[in-house]
Every structure is written in structure tokens, then in C-alpha cells.
Amino acid sequence: MSVEFARPQRVDTIGDDARTVEIDADAQERAALAKRFDLIGIERLTGRFTIRRDAAGIVAEGRVAAAVTQACSITGDPLPATVDEPVALRFVPQQDAGQDEVELGDSDIDVIPYDGGTIDLGEVAAETMALALDPFPRGPNAEAKLKEAGVLSEEQAGPFGALAALKDKLGKK
């Protein structure tokens with residue numbers, strides 16, 4: 001699998017002292033990521049991470065920021081969206097990742113296994129951006145389009161919607 005926005009960090013260069021890594025996707029990388037995540041476009045994708053080694057692995061903390069254009073899930077109209085997400089991850093070698101599922105608390109950070117001698121902060125930024133976006137964005141014309149197509153709203157389709165329709169019929173007689 002090719003990674004469109006690779007920003008590998010060699011594990012053997014990461015020490016106990018924290019260092020900051022800033023990444024910025026170029027136009028070609030943003031276009032490839034837009035295709036991968038089915039977006040109209042990505043105008044900006046950046047990440048700022050502090051990375052350091054601790055006893056349990058490599059910790060990466062920071063923020064991912066992006067400006068994207070999504071398609072409305074109903075009309076296909078372009079919708080601008082922004083992302084500004086915190087990131088807190090621990091990278092552990094693949095063999096140390098374990099197979100047990102563990103329930104994480106609010107103070108725990110996600111554990112990401114890595115294979116080989118690098119971790120990829122570009123892929124972290126890309127996945128963080130994608131997960132932060134609304135999977136079914138709706139633009140200002142979506143409701144009108146749904147109504148025109150005969151799709152009922154949640155209120156109309158629910159049990160009280162049926163009663164309201166019955167009340168309207170009784171009131172017209």
C-alpha cells in the first residue's frame with residue numbers, strides 16, 4: 001500500500017527528550033489524499049507533533065489542522081470544512097502490540113503498532129483528518145432536495161408523525 005503523505009520518523013533517532021516535528025502536505029499529496037478519502041479537495045493539511053520515547057514506546061502528541069471541501073451527501077454541492085484536532089498516540093513495535101482488546105479510558109491514548117524502523121506522522125495526520133470529518137455532511141439545500149424526492153423527515157417518519165398526519169386528515173373532514 002502506498003502512503004500518499006509519508007513523513008517517516010526513524011525510531012532510532014527518537015530519544016527521551018521531546019522534539020517537535022512539523023509537517024505540511026504539498027499540492028500533489030493533498031490531491032492524492034482527496035481522492036483516497038473521496039473529498040472534492042484538500043486545501044491545507046498540516047500537523048505539529050511533539051515526539052519522545054518513554055518506557056512503553058514512542059509518544060506523539062500534537063494537533064492536525066486541515067481545510068477541505070466535501071460533497072454534500074444529498075445534493076453533491078461543495079461544502080467547506082475545517083479540522084483542528086488534538087492527537088495523542090503511543091507507537092509500539094508490532095511484536096509488542098499484543099492481540100488483546102483493551103478498553104481505553106479518557107486519559108488513555110491510542111496505541112499504534114509499527115513494523116520496521118520508522119513511524120509515519122504523515123499517515124497519522126491523514127487519518128486524523130479523515131476521522132474528524134462529518135461522514136454525511138449536509139448542505140443548505142439538502143432538506144429541500146429530500147422533500148422534493150418524497151423522503152420524510154425523522155419527525156414525519158416517527159410514530160408521532162403518523163399521528164400528526166391522522167390529525168390533519170381528521171381536521172379536514
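The following dialogue asks how the terms used for this predicted model are justified.

Reader: What kind of model is this, and how are residues numbered?
Author: This is a predicted model, where local features need pLDDT of at least 70, side-chain atom pairs count only at pLDDT 80 or more, and totals for chains, interfaces and linings use all residues. Residues are numbered from 1 along each chain as its sequence is written, and side-chain values use heavy atoms, with hydrogens and water left out.

Reader: What makes a stretch of this chain count as a helix or a strand?
Author: Both are DSSP runs, numbered from the N terminus: a helix is H or I with at least four residues, a strand is E with at least two. The chain has 5 helices and 7 strands. Their order from the N terminus is β-β-α-β-β-β-β-β-α-α-α-α.

Reader: Why is glutamate 29 called buried?
Author: Buried means under 20% relative accessible area, exposed means over 50%, and partly exposed lies in between (1.4 Å probe, protein chains only). Glutamate 29 has 13% relative accessibility, so it counts as buried. Buried residues make up 32% of the 173 residues in the chain.

Reader: How do you know that arginine 7 and glutamate 29 form a salt bridge?
Author: A salt bridge needs a side-chain nitrogen of Lys or Arg within 4 Å of a carboxyl oxygen of Asp or Glu. In this pair the closest N and O atoms are 2.8 Å apart, so the rule is met. Arginine 7 sits in the segment before β1 (8–10), while glutamate 29 is in helix α1 (residues 27–36), 22 residues away. By this rule the count comes to 7 salt bridges.

Reader: What makes arginine 48 and glutamate 22 another such pair?
Author: Their N to O distance is 2.2 Å. That meets the cut-off, so the pair is a salt bridge. Arginine 48 is in strand β3 (residues 41–54) and glutamate 22 in strand β2 (residues 19–24), 26 residues apart. Arginine 48 is partly exposed because its relative accessibility is 46%. Glutamate 22, at 56%, counts as exposed.

Reader: Which residues are joined into a salt-bridge network?
Author: Start with glutamate 123 and arginine 36, whose closest N and O atoms are 2.6 Å apart. Glutamate 123 is in helix α2, arginine 36 in helix α1, and 87 residues separate them. Glutamate 123 is buried at 11% relative accessibility, whereas arginine 36 is partly exposed at 30%. Salt bridges that share partners join Glu4, Arg36 and Glu123 into one network.

Reader: How do you know that β4 and β5 pair?
Author: Two strands pair if DSSP finds at least two bridges between them. Strand β4 (residues 57–71) and β5 are joined by 14 bridges, so they pair. They run antiparallel. Alanine 67 stands opposite threonine 82 in β5. The hairpin of β4 and β5 has 6 residues between the strands, and there glycine 76 takes a positive phi near 85°.

Reader: In which sense do β5 and β6 pair, parallel or antiparallel?
Author: They pair in the parallel sense, over 5 bridges. Phenylalanine 91 has isoleucine 112 in β6 as its bridge partner.

Reader: What makes aspartate 38 worth pointing out?
Author: Aspartate 38 has a positive phi of about 55° although it is not a glycine. Most residues other than glycine have a negative phi. Aspartate 38 lies in the loop between α1 and β3. With a relative accessible area of 68%, aspartate 38 is exposed.

Reader: Why is a space called a pocket and not a cavity?
Author: On a 1 Å grid over the protein atoms alone, a cavity is a set of points where a 1.4 Å probe fits but cannot get out, while a pocket is an open set with protein on both sides within 12 Å along at least five of seven lines. Lining residues have an atom within 4 Å of a point. The largest pocket is lined by 23 residues, and Leu89, Ile112, Val124, Glu127 and Thr128 lie nearest its centre. β5 (78–93), β6 (110–114), β7 (118–120) and α2 (121–132) each give two or more residues to this lining.

Reader: Why is threonine 128 called buried or exposed, and what is it in contact with?
Author: Threonine 128, found in helix α2, counts as buried because its relative accessibility is 16%. Contact means heavy atoms within 4.5 Å. Leaving aside neighbours within four places in sequence, threonine 128 is in contact with Val64, Glu85 and Val87.
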